[in-house]
Structure formats: C-alpha cells, structure tokens
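Visitor: Please give me a close look at one part: the backbone in the loops. Then walk me on from there to whatever else belongs in the picture.

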Amino acid sequence: DEADPSSSSSIISRFQQYLRINTAQPSPQYAESADFILSQAKSIALEAQTLDFVEGKPLILLKWPGSDPSLPTILLNSHTDVVAAEHDKWSHHPFGAHLDQHGNIYARGSQDMKCVGTQYLEAIRKLKASGFQPLRSVYLSFVPDEEIGGHDGAEKFVDSDVFKSLNVGILLDEGLASTSENYRAFYAERGPWWLVIKATGQPGHGSRLYDNTAMENLLKSIESVRRFRASQLDLVKAGLKAEGEVVSVNMVFLKAGSPTPTGFVMNVQPSEAQAGFDIRVPPTADPESLERRISEEWAPASRNMTFEFKQKASVRDTYGKPMLTGTDNSNPWWTLLEEAVRKANGKLGKPEIFPAATDARYYRELGLPAIGFSPMANTPILLHDHNEFLNQDEYLKGIDVYVSIIKAYASHVEHTRKEASRDEL
Ligand code: MET
Ligand SMILES: [Zn+2]
Ligand SMILES: [Zn+2]
C-alpha cells in the first residue's frame with residue numbers, strides 16, 4: 001500500500017525520487033539532492049548537518065547515535081553525483097527512473113551509486129522500526145564530486161576537524177554489480193594516474209621524409225605504451241592476474257594538427273602532438289618503476305617529450321604501506337561483513353581489488369579499514385554505460401543485507417576492548 005512508508009512500493013518510489021534528481025557532472029543539482037536526503041533523514045529521525053567545504057557542493061552528514069560514544073564509529077559513505085548520460089542512446093530517459101515490466105529501474109546512478117545511499121537509509125528505517133539500538137554510532141556521508149576526483153568532497157572531509165571528531169573505525173563505500181549470484185567485496189583499489197604526454201618536433205612540408213617530427217616522436221611512445229598494455233592484458237587473459245591486479249593503460253585522447261573550417265591542414269607536419277592516458281595502478285605495484293617507465297620510455301626528454309599528470313593518486317598510505325584493508329583475522333570488520341551477508345541469505349565471492357577508483361582511497365590513505373560493497377547480484381555491470389538499471393527485487397534484497405551488516409557492525413564490541421575489560425576483573 002502506497003501510504004505505508006514500510007511497503008515495498010513506498011521504498012521503491014523513494015529510490016525513484018532520488019534517481020530523478022539530475023546530479024550528472026559537470027553541473028549536478030546538489031541543492032535538490034541535499035533537500036531529498038535531509039527530508040529522508042528527518043522522516044527517520046537521524047541527526048543531520050550540512051558541511052559546505054566548497055560553496056554549492058554540500059556534503060550531508062547524518063548520525064544515528066550509539067549508546068557507547070567511546071567506541072569507534074561506523075561510516076557509511078555514498079556519492080551523490082553521477083556521470084553524464086547520452087539521453088538519445090537510452091531506451092528510457094536516464095533521469096526518469098522508469099520501472100519496466102521485469103521490475104528493472106532504469107536511471108543513471110541506479111548502480112553507481114544512488115542505490116547504496118538510499119539502501120543505507122532504508123536499512124536504518126527498518127532497524128529503527130524493529131526497535132534495534134546501536135551500541136556504536138552510525139554515520140552516513142553523502143558526498144559530492146566523486147566522479148571528478150573527490151577533491152571538493154571526500155578529500156576535504158577526511159582532512160576536516162569534523163571528520164577527526166567522528167572517531168571512525170570502519171568505512172563502507174561502493175563496490176560493483178556481480179553477474180553471478182555472489183556479491184563482490186573490495187579490500188583495495190587501483191590508483192588513477194591520468195597522464196598527458198606531449199611531443200615536439202621539426203615541422204615541415206607534408207611531402208618530406210625526415211627524422212624527429214612531433215608525430216613520429218609521439219607514435220614511438222604510443223607503440224611502447226601498447227606493448228606494455230598488451231603485456232598486462234595477457235596476464236589477465238592467461239588467468240594469472242585479476243583485472244584489479246595489473247596496471248591498466250588506455251589512450252583516451254589524441255590531439256595534433258591544425259583545424260580548418262572543413263577539416264585539418266593536410267600538407268604541414270605539425271610541431272606539436274599530444275596524447276592522454278587513463279592509467280590505473282594497483283596498490284601491489286611498484287609506483288617508482290612505473291614512474292621510471294614513463295619518464296624513460298613513454299615521454300623521454302631525449303625524444304623531445306614532456307609529460308604531466310592530471311590526476312595521480314597515491315597507492316601508499318601515510319605510513320608508506322600499500323593501501324590494503326585486511327581480509328583476515330587482523331580485521332574483525334571483514335569477518336563481520338562475511339557473516340552478516342551470509343545471515344541475510346547472501347553469498348560473497350573472494351575479496352577483490354576494485355579496478356577503478358572510489359572515495360575509499362582517502363580513508364585507506366589514513367590507514368583506516370575500508371570495504372567496497374554494493375549489494376547487486378545477478379546484475380549486468382552497467383555503471384557509466386547506457387541503460388544503467390537495477391532490478392527492484394535486487395534493490396530490496398540489498399536493503400536486508402545492509403540491515404544485517406549495520407546490526408552486526410553497530411553491536412560489535414571490539415575484541416581488544418573485551419580483553420581489556422576481562423583483564424580488569
Ligand atoms: C579520479 S576520479 C575517479 C572517478 C571514477 N570513480 C573512476 O574511477 O574513474
Ligand atoms: Zn561510484
Ligand atoms: Zn562512477
């Protein structure tokens with residue numbers, strides 16, 4: 001029944017409401033999404049504050065206070081922005097949240113990651129209705145700008161005094177849909193390095209053959225990048241490494257020549273040429289050796305080349321260690337997640353390295369444990385793709401998985417603390 005806020009149709013219609021707010025980069029409607037989140041928070045009586053680290057880019061922080069404020073807390077993170085969508089290539093409008101006859105909800109952000117944001121809220125709504133009282137405080141952060149690097153969102157947040165005062169013990173952030181029945185969970189991610197290489201060279205008549213043209217200099221680099229790319233892809237194809245365990249490099253733009261109103265100048269060899277690459281570096285890789293490869297093989301000064309990074313994430317934390325969250329007994333949160341998923345009748349695959357980037361890197365950089373998890377099983381991976389959708393039954397199942405996880409996390413008495421109190425007896 002529509003009027004009952006706990007009915008499935010009400011839950012789905014709240015998800016659709018969030019999806020219908022166009023928060024696509026580069027001009028997300030953040031004011032509207034903030035209003036929506038704050039109204040949801042109010043309806044389930046969560047404490048709320050809006051943090052304006054950058055004007056026009058609100059970060060909403062919600063709190064469900066625990067009975068023991070001395071315990072480290074739980075932070076459930078989601079980003080409110082989404083990537084752009086090419087409307088005319090979709091079968092349904094990307095901000096219409098159309099529900100088709102199979103129960104699939106079509107919208108940009110249905111997988112990445114508005115689903116997770118409202119699933120956290122719905123799980124808390126259910127837990128509150130059941131009378132559950134958290135021991136640890138549970139925080140929810142709805143952050144802007146993840147899709148453009150998180151510099152005005154999560155990055156500013158983790159540097160803030162507000163964040164320090166939260167005493168966060170574990171962070172949950174986004175994962176990926178799974179095409180099998182097993183959910184996927186991520187203990188690390190690859191760092192994005194966005195590289196632009198530039199070649200200069202001898203300009204001249206388009207009919208002449210000579211050495212050291214900008215185009216030739218750039219093409220030698222592209223050939224070298226391609227050989228390296230193939231070596232990494234071969235490791236994946238041979239089954240020796242998973243996607244998140246190799247360095248990926250993809251050329252994303254090429255720029256050279258002189259445009260004319262009808263095309264390009266055809267008989268002048270240009271004096272400059274450049275190419276851009278999206279490189280993803282696993283935390284297990286040696287960043288120094290990749291840096292050397294870039295400066296010596298992909299953009300050597302000896303070939304009149306220079307390079308610049310548009311984005312260069314660290315793969316080491318502030319203590320110099322690779323940014324990996326423990327998946328063994330050293331990290332009770334991992335075991336608790338596994339158990340909680342199982343209790344909710346879900347299955348979890350082997351822990352993986354997230355192939356792309358998420359805001360979790362800013363927390364792992366501080367040495368905090370962070371787990372990437374979006375409960376979507378039996379679902380094609382459609383983030384950033386046309387016709388992104390999520391099935392309503394999968395969405396509802398995911399809420400129950402979060403009920404189980406939040407319950408386990410918020411009731412968890414730290415082992416070391418138990419030991420400490422036992423020692424006192
Ligand atoms: C460096 S910004 C990252 C944006 C996006 N999540 C990606 O992995 O591409
Ligand atoms: Zn995302
Ligand atoms: Zn994304």
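**Loops, a small sheet and a ligand**

Guide: Start with Ala45, which counts as exposed because it has 11 C-beta neighbours inside 10 Å. Exposed stands for 12 or fewer other C-beta atoms within 10 Å of the residue's own, buried for 20 or more, and partly exposed for anything in between, with C-beta atoms placed from the backbone. This is a predicted model; local features need pLDDT of at least 70, side-chain atom pairs count only at pLDDT 80 or more, and totals for chains, interfaces and linings use all residues. Residues are numbered from 1 along each chain as its sequence is written, while chains are lettered from A and ligands numbered from 1 in the order in which they are written.

Stay with Ala45. Its phi is positive, near 55 degrees, and it is not a glycine. Most residues other than glycine have a negative phi. Ala45 sits in the loop between H2 and strand S1 (47–54). Helices (H or I, at least four residues) and strands (E, at least two) are DSSP runs, numbered from the N terminus.

Now go to Asn304. Here too phi is positive, about 60 degrees, in a residue that is not a glycine. Asn304 lies in the loop between helix H7 (287–298) and strand S17 (305–312). With 19 C-beta neighbours inside 10 Å, Asn304 counts as partly exposed.

Next, the peptide bonds. Most are trans. The bond from Gln25 to Pro26 is cis, with omega near 10 degrees. Pro26 belongs to the loop between helix H1 (8–19) and helix H2 (30–43). Asp112 and Met113 are also joined by a cis peptide bond, with omega about -15 degrees. Met113 is in the loop between strand S5 (104–106) and helix H3 (114–129).

S5 leads us to a sheet. It is open, has 3 strands in the order S4-S5-S21, and its pairing is antiparallel. Strand S4 (98–99) and strand S21 (389–391) stand at the edges; each has a single partner strand, so one side of each has no neighbour in the sheet. Two strands pair if DSSP finds at least two bridges between them. S5 and S21 run antiparallel and are joined by 3 bridges. Tyr106 has Phe389 in S21 as its bridge partner.

Last stop: what surrounds ligand 1? The residues around it include Glu146, Glu147, Pro192 and Gln311. Each such residue has its C-beta atom, placed from the backbone, within 6 Å of the molecule. The shell divides into 3 nonpolar, 3 polar and 2 charged residues. Nonpolar covers Ala, Val, Leu, Ile, Met, Phe, Trp, Tyr, Cys and Pro; charged covers Asp, Glu, Lys and Arg; the others, Gly among them, are polar.
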